[in-house]
Amino acid sequence: MLAAALTFVLAALALIEPALPLALLIALTGVLIAAFRPKLFVLLALVVIILSAPIQNVLGQVGTYADEGVIALAFVALTTRRLVTEGRLVWLPGTGWFVGFLVAGLVSAALAEVPVGLAVPAAFIAVKGVLFAFAIAQLHWDRDDLALLVRLGITAIVLMALSALLNLAAPAAWAEFTTGRPPISYIGPFPAINGAFQHPAAFSRFCGVLAVAALVYGMVVRRSFANTVLVLVSGGLAFLTFQVKSIVGLLATLAVVGARFLRPVGVAAILCIGPLIALITVPPLADLIGGDIEIYLNQDSARGLLTAGGITVAAQYFPVGAGFGRYGSSTAADDYSPLYYALGFPGRYGLGPGPDSGQFLNDSQWPAIYGETGWFGAFFFAAGLACIVVALLRRVSAHEDVLVRWIRITGVGWLILLLVESAVAPVFVSSPSFPFVFAAAGVIASLRVDARHEARHDASRGPAPAMGHGEPVTA
């Protein structure tokens with residue numbers, strides 16, 4: 001009977017949209033995996049988020065919100081599972097501030113009479129990283145899980161390197177295969193590689209995430225030749241994309257993390273080979289970065305207009321902004337915001353209506369935050385991020401495992417990377433880089449709660465009885 005009903009539902013959905021039955025089956029499978037193998041579900045969700053663009057190409061319109069769909073499923077399934085099995089939830093650091101950010105955007109949307117069907121999806125997209133972190137915090141994580149993440153990171157670096165080699169060996173054919181167009185740009189004989197992704201920017205962000213994780217591992221866990229190779233490969237791949245924002249973000253992150261954790265041997269090595277590396281790399285990097293900064297500071301550029309327009313909107317709709325779905329977000333671009341007409345965007349290159357002429361409409365992160373939720377909402381969001389940083393900087397316990405320290409410090413590095421890139425890209429909501437820092441925050445929140453429960457349990461048992469002088473001590 002159940003099979004017949006399911007078959008009828010799938011057939012009815014197929015009449016509406018051929019890909020809907022597949023999406024429903026994937027969702028049902030996801031629910032079962034989340035119920036019985038929740039950690040496997042989290043890893044699969046992470047893969048879906050990272051590969052959301054290729055998934056969209058395969059599934060078409062149904063796959064447009066693949067990452068949002070899997071995050072919604074994770075949030076509902078994992079929080080429900082925690083409540084059923086343990087009766088209480090683990091709260092993420094900064095939860096109250098992020099709720100304030102959400103309320104500011106929804107209240108402003110209601111005041112500005114933004115349609116509910118537009119405001120609610122835009123609100124979900126704005127906080128999907130936080131929701132993913134909250135879902136992850138509901139599971140119990142241990143050292144074996146973190147060791148598995150290390151192995152998966154190594155595998156990812158190897159796969160990215162293989163895709164980059166294919167990209168470099170046949171740039172035109174590879175670009176046609178992955179993006180359907182020629183390589184975006186060249187510097188000398190080298191194309192801007194896109195690797196396993198559709199755009200060099202996505203490839204550079206993902207490789208930057210891997211490079212930070214590998215670097216921190218070498219600094220706080222164990223140094224080795226293999227680890228050095230992994231850092232150089234992942235970081236080098238990010239540089240070969242020629243994406244200025246990612247290169248600057250990666251350099252800033254490596255500088256901050258290195259200044260805190262680099263050992264004397266590493267400092268000596270940098271002093272020895274640093275001048276030679278600088279002589280080779282600084283001139284082309286200076287030209288590349290300088291050109292981008294000049295474009296950004298130019299008030300006639302699309303990004304400059306988007307930033308200035310957001311300030312205007314935040315002032316006009318003080319104190320809580322124009323509402324979710326109205327400025328700077330992907331939703332405001334897809335459903336072309338009426339505010340853009342008032343700001344004169346349709347006549348500006350990259351800011352007009354339609355996907356072909358509006359490709360720069362969400363080319364930054366913060367204009368969407370302060371434009372849609374106002375200065376209050378922007379403050380709430382920044383305060384939530386600050387709480388995450390504080391949580392990641394604090395030890396989980398007095399006897400913290402070295403891999404727990406690795407994921408904490410790596411999370412800080414990932415957040416620095418996103419903060420630098422957020423000035424020129426919507427990195428808190430766009431794949432493939434946004435889920436990692438939130439995932440780290442969720443894992444640490446769970447580990448901290450478990451450590452506190454264990455400490456209370458040990459304290460309730462009291463100190464172990466002292467052994468008599470004549471009793472043997474067993475190992």
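**Close-up views of a predicted model**

**View 1. A nonpolar patch on the surface.** I154, V158, L159, L162 and L165 form a nonpolar surface patch of about 440 Å². The model shown here and in the other views is predicted. One patch member, V158, sits in helix α9, which spans residues 143-169. V158 has a relative accessibility of 42%, so this residue counts as partly exposed.

**View 2. Helices α15 and α18 side by side.** Helix α15 covers residues 302-316, and helix α18 covers residues 366-393. The two pack at an angle of about 5 degrees, and their axes are 8 Å apart. The pair α15 and α18 is therefore roughly parallel. On the α15 side, the contact is made by L306, T307, G310, I311, V313 and A314. On the α18 side, P367, Y370, G371 and W375 make the contact.

**View 3. Salt bridge between D145 and K39.** The structure holds 7 salt bridges. In one of them, the side chains of D145 and K39 meet at 2.6 Å, N to O. The pair links distant parts of the chain: D145 belongs to helix α9 and K39 to helix α3 (residues 38-50), with their positions 106 residues apart in sequence. D145 has a relative accessible area of 14% and is buried. K39, at 25% relative accessibility, counts as partly exposed.

**View 4. Salt bridge between R143 and D401.** Here the side chains of R143 and D401 meet in a salt bridge of 2.8 Å, N to O. R143 is in helix α9, while D401 is in the loop between α18 and α19 (402-421). The two residues are 258 residues apart, and the pair links distant parts of the chain. R143 is partly exposed, with a relative accessible area of 43%. D401 is partly exposed too, with a relative accessible area of 27%.

**View 5. Salt bridge between R205 and E421.** A salt bridge joins the side chains of R205 and E421 at 3.4 Å, N to O. R205 lies in helix α11 (residues 200-220) and E421 in helix α19, so the salt bridge ties together parts that are 216 residues apart in sequence. At 8% relative accessibility, R205 is buried. E421 is also buried, at 2% relative accessibility. Elsewhere, D67, E68 and K128 are joined into one network by salt bridges that share partners.

**View 6. Surroundings of S433.** S433 is found in the loop between α19 and α20 (434-461). With a relative accessible area of 3%, S433 is buried. Residues up to four places away in sequence aside, S433 touches R205, V209, L418 and V427. R205 in this list also has a side chain in the salt bridge with E421.

**View 7. The whole chain for context.** The secondary structure of the protein chain comprises 20 helices and 2 strands. Of the 475 residues in the protein chain, 47% are buried. Among contacts with a separation of 6 or more, 71% join residues 24 or more positions apart. The protein chain exposes about 23,300 Å², and carbon and sulfur atoms supply 71% of that area.

Terms used
Residues numbered from 1 in each chain as written. Predicted model: local features only at pLDDT ≥ 70, side-chain atom pairs only at ≥ 80, totals over all residues. Heavy atoms only, no water. Patch = residues over 30% accessible without salt bridge, like charges linked within 9 Å, V, L, I, M, F, W, Y side chains within 5 Å. Areas by Shrake-Rupley, 256 points an atom, 1.4 Å probe, with all protein chains shown as cover. Salt bridge = Lys/Arg side-chain N within 4 Å of Asp/Glu carboxyl O. Helix = DSSP H or I, 4+ residues; strand = E, 2+ residues; numbered from the N terminus. Buried < 20%, exposed > 50% of the residue type's maximum accessible area, 1.4 Å probe, protein only. Axes fitted to C-alpha atoms, helices over the stretch in contact; angles between N-to-C directions. Parallel < 35°, antiparallel > 145°, perpendicular 65-115°, else oblique. Contact = heavy atoms within 4.5 Å.
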